[in-house]
Amino acid sequence: MSLIGRARPLPPEAVSPAACAHCGARLAPGQARFCCAGCEGAHALVAGLGLAAFYRRRETEAGALRPEASAAALDLAPFAAAGADGVQRLELVVSGLSCGACVWLVEQALAAEPDVLSARASLSARRLTVTWRGPAARANDFAGLLARLGFRVAPFSPACLRASEDAEGRALTRALGIAAFGAMNVMLVSVAVWVGGDMGEATRHGLHWLAALIGMPVVLVAGMPFYRSAWAALRAGRPSMDLAVSLGVLATALMSLSETIHNGPYTWFDGATMLLALLLAGRVLDRAARRRARQSVAELLALQEGLVARLQPDGRTEAVPAERVAAGDRVLVAAGERLRLDGVAEQEVLLDAAATTGESLPRPYAPGQPLPAGAVNMGAAFTMTVTAAARDGSLAAMARLLERAEQAKGRFVAIADRAARFYVPVVHAVAALTFLLWWGVLEAAWQVALVNAVCVLLITCPCALALAVPAVQVVAVGGLFRRGVLVTSATALERLASADHAVLDKTGTLTEGRPVLIPEGQDGGVLCRAAGLARASRHPLAQALLRACPEAPIAEGVHEVPGRGLEAGAARLGSPAFCGLEAGAEGMTLAFREGEAAPVLFRFADHLREDAPAAVAALKDLGLGVELLSGDGEGAVAAVAWQAGIPDWRAGADPLAKQRRIEALKAEGRRPLMVGDGINDAAALAAAHVSASPAGATDLAQTASDLVLQREGLAALPSAIRIARRAQGIARQNIGFSLVYNVLAVPVAVAGLVTPLVAAVVMASSSLVVVLNALRAAKE
Amino acid sequence: MDSLLLLIPISLFLGFLGLMGFLWALRTRQYEDLDGAAARILFDDQPGKETPQ
């Protein structure tokens with residue numbers, strides 16, 4: 001059995017009721033007020049600024065505001081835009097900005113700086129705008145201040161700006177405002193006509209003109225989003241719901257205009273404007289829910305997006321975006337940094353390639369061996385010669401693979417569109433038949449026949465049908481958002497509900513993707529002294545040792561023996577050979593020796609996520625087949641599969657093999673749900689019927705995924721499937737209801753009995769029922 | 001019925017004012033950060049400095 005197989009779940013940490021005074025995380029036994037030195041510093045800083053009121057108001061998740069000991073230092077000065085009169089302006093995305101109190105703290109802390117002119121944070125967009133008078137380099141001080149408070153910042157990239165600058169959303173909201181204004185004011189006139197049976201003909205004519213005066217511009221302006229989309233659908237040769245809406249609204253408006261001119265008994269401007277207002281309300285809500293998800297993803301990407309340090313001939317480094325580096329340039333890779341480009345190094349380097357290959361262990365790369373972009377430097381800083389520019393490198397190749405997979409996926413036809421395809425032609429045929437019936441058979445005047453035909457269009461205008469699915473989407477996506485699941489694609493819920501097979505990646509998805517110490521009865525004091533030494537290294541095993549004893553004080557006089565370990569006086573921590581043990585011990589081990597005492601071995605394993613077996617069992621309960629698909633070696637994969645309770649596993653799969661496996665499943669008629677976090681999973685994620693990536697996934701995997709889990713663990717996945725299925729059921733009920741309502745209402749319209757009052761009551765009541773039904777969708 | 005000649009224009013004018021107010025609020029980006037605006041009203045301290053965008 002492999003090493004991973006021996007990992008036992010760690011005993012749960014002793015629960016202490018006390019919480020850290022800054023970040024609110026649970027305190028380990030022995031800690032008085034703070035969970036770490038960073039929080040203590042942050043608390044002192046907040047108190048020093050006179051902003052202690054923050055702690056009474058914040059509503060953040062426990063642990064969310066823990067300042068990171070080693071925040072990556074990114075030079076923000078180039079991102080500050082200098083205005084006229086020497087005012088600098090900087091746009092930042094702020095992670096951890098999750099409640100009103102955080103906004104207050106960030107704004108006030110920055111405003112306390114003497115040279116800051118203004119600081120304004122947006123809670124929805126997690127966006128901070130700072131302006132100040134002075135040098136651009138002050139940007140780094142502000143970022144440092146926020147980092148000490150526990151907020152991570154990144155420059156607002158063009159992608160982020162696109163996500164939060166929502167011009168289309170604003171246009172929809174504007175249209176909604178205009179339509180609502182029109183609907184209410186036309187209704188004011190219409191009610192007078194409905195109840196004023198004894199009204200003089202001239203007055204009624206005047207009121208009709210008034211309704212037309214308000215109604216016509218409103219229909220023309222507020223309906224633009226529908227007309228545009230309908231025109232696009234028409235040119236593509238596909239009847240869409242928007243086409244039915246546009247035809248219904250325009251025909252109703254024109255018919256009402258002609259009735260106004262001829263002084264007919266009724267006009268239908270109220271119905272047309274109300275229809276637009278209701279439909280636009282659905283659209284605006286739908287868009288708001290998905291905008292939030294898009295923004296959160298863009299925020300995650302911005303925090304990962306980095307610059308590379310290019311070495312100049314004179315030995316200085318400059319920070320440039322990865323796209324601007326050409327093959328042959330030399331870049332500096334800091335300890336713990338992710339490689340943005342392919343390259344070769346002159347010395348041996350230790351890289352964690354879990355994201356690119358799925359291997360769970362970091363491994364050394366010999367001098368001259370190609371280093372894959374996406375791997376993380378686990379050793380000391382090194383200089384790398386870039387072998388391919390970003391657009392020709394392995395990351396770009398992976399992105400192309402992803403693109404092809406997405407194209408091959410074909411167009412998924414959403415349920416609303418499927419309904420529209422059958423609904424729209426039927427409705428228009430019924431309207432045409434109505435006209436023929438009245439004009440040809442009953443020999444009515446053609447105006448009467450036309451009025452009745454348009455009434456059919458109005459009454460069947462898919463108001464409830466068009467609200468049926470978006471209303472459910474808004475509620476379900478909102479419910480998932482509260483559970484930490486971001487839905488990034490419009491049809492993701494529908495596809496998730498129909499998934500019948502789950503394919504899980506191993507490293508980083510089922511496992512935590514980082515080594516954890518296996519408790520084997522080591523002496524606590526020894527462990528802590530070893531952890532004190534480990535503080536000096538960024539090696540993943542050293543970091544894992546430190547996590548096992550986080551309160552260890554830093555050891556004095558530690559120096560690193562490259563490639564072997566750490567030394568401080570007579571104490572040594574490193575590879576077993578370095579401490580005088582026979583080589584041959586398996587991969588993830590550290591040895592610790594103090595003077596002449598017998599060396600102590602620490603063994604590590606990539607730890608299965610605590611909730612992984614439960615999540616797998618829940619997926620099986622939901623009727624999904626579960627399989628494990630990993631790029632790692634057989635032993636490790638088999639062990640994790642056994643622990644998680646997955647009978648079916650495949651090891652050693654490269655990105656293409658993963659994508660092929662997904663395609664093979666689809667060819668069998670399965671609808672696979674792919675869950676993965678690595679760059680090597682991206683193509684498979686894109687090819688799958690529906691895909692999800694866990695917290696901490698690489699940017700490429702997140703872009704390829706339909707769902708992004710924000711919280712650690714997989715527990716949210718089964719509940720997301722339950723919500724999606726329930727939402728799907730409710731959407732079907734809604735569509736069924738709108739169809740039933742139409743079947744009942746159409747004969748009334750064909751018979752010519754629809755007055756504007758009937759149309760308004762029927763339209764509003766059916767929409768209300770559909771919306772109320774949709775409110776149930778957020779429950780599991 | 002003569003009163004209609006006065007009352008309807010007045011009511012339409014008031015509604016139109018409301019619509020203009022809404023469009024102005026939209027144009028000045030007051031709908032960009034609804035969550036933040038909901039929380040901001042509870043900050044009782046004098047804000048040090050703030051941008052009017």
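This report looks at the domains, a helix pair and a chain contact in a predicted model.

## The domains of chain A

Let's start with the overall layout. Chain A is split into four parts: domain 1 covers 1–156, domain 2 covers 307–390, domain 3 joins 480–512 with 609–725, and domain 4 covers 514–606.

Domains 2 and 3 of chain A have C-alpha centres 29 Å apart. Where these two domains touch, domain 2 of chain A supplies 8 residues and domain 3 of chain A supplies 12. On the domain 2 side, 5 of the residues are polar, 2 are nonpolar and 1 is charged.

## Two helices side by side

Now have a look at helix 6 (residues 167–195) and helix 7 (residues 201–222) of chain A, whose axes are 9 Å apart and meet at an angle of about 165 degrees. Angles over 145 degrees count as roughly antiparallel, so that is how helix 6 and helix 7 of chain A run relative to each other. Their crossing is left-handed.

Which residues make the contact? Helix 6 of chain A contributes residues including A175(A), G182(A) and V189(A), while those from helix 7 of chain A include L207(A), A211(A) and V218(A). By class, the contact between helix 6 and helix 7 of chain A has 14 nonpolar, 4 polar and 1 charged residues.

## Where chain B meets chain A

The contact between the chains draws 24 residues from chain B and 28 from chain A. On the chain B side, helix 1 (2–27) and helix 2 (34–40) are the elements giving two or more residues. Helix 1 of chain B gives the most, with 9 residues.

What classes of residue make up this side of chain B? There are 12 nonpolar, 6 polar and 6 charged residues.

Terms used: Residues numbered from 1 in each chain as written. Chains lettered and ligands numbered in written order. Predicted model: local features only at pLDDT ≥ 70, side-chain atom pairs only at ≥ 80, totals over all residues. Axes fitted to C-alpha atoms, helices over the stretch in contact; angles between N-to-C directions. Helix = DSSP H or I, 4+ residues; strand = E, 2+ residues; numbered from the N terminus. Parallel < 35°, antiparallel > 145°, perpendicular 65-115°, else oblique. Left-handed = near helix turned anticlockwise from the far one by under 90°. Contact = placed C-beta atoms within 7 Å. Nonpolar A, V, L, I, M, F, W, Y, C, P; charged D, E, K, R; others polar. Domains from an automatic or database assignment.
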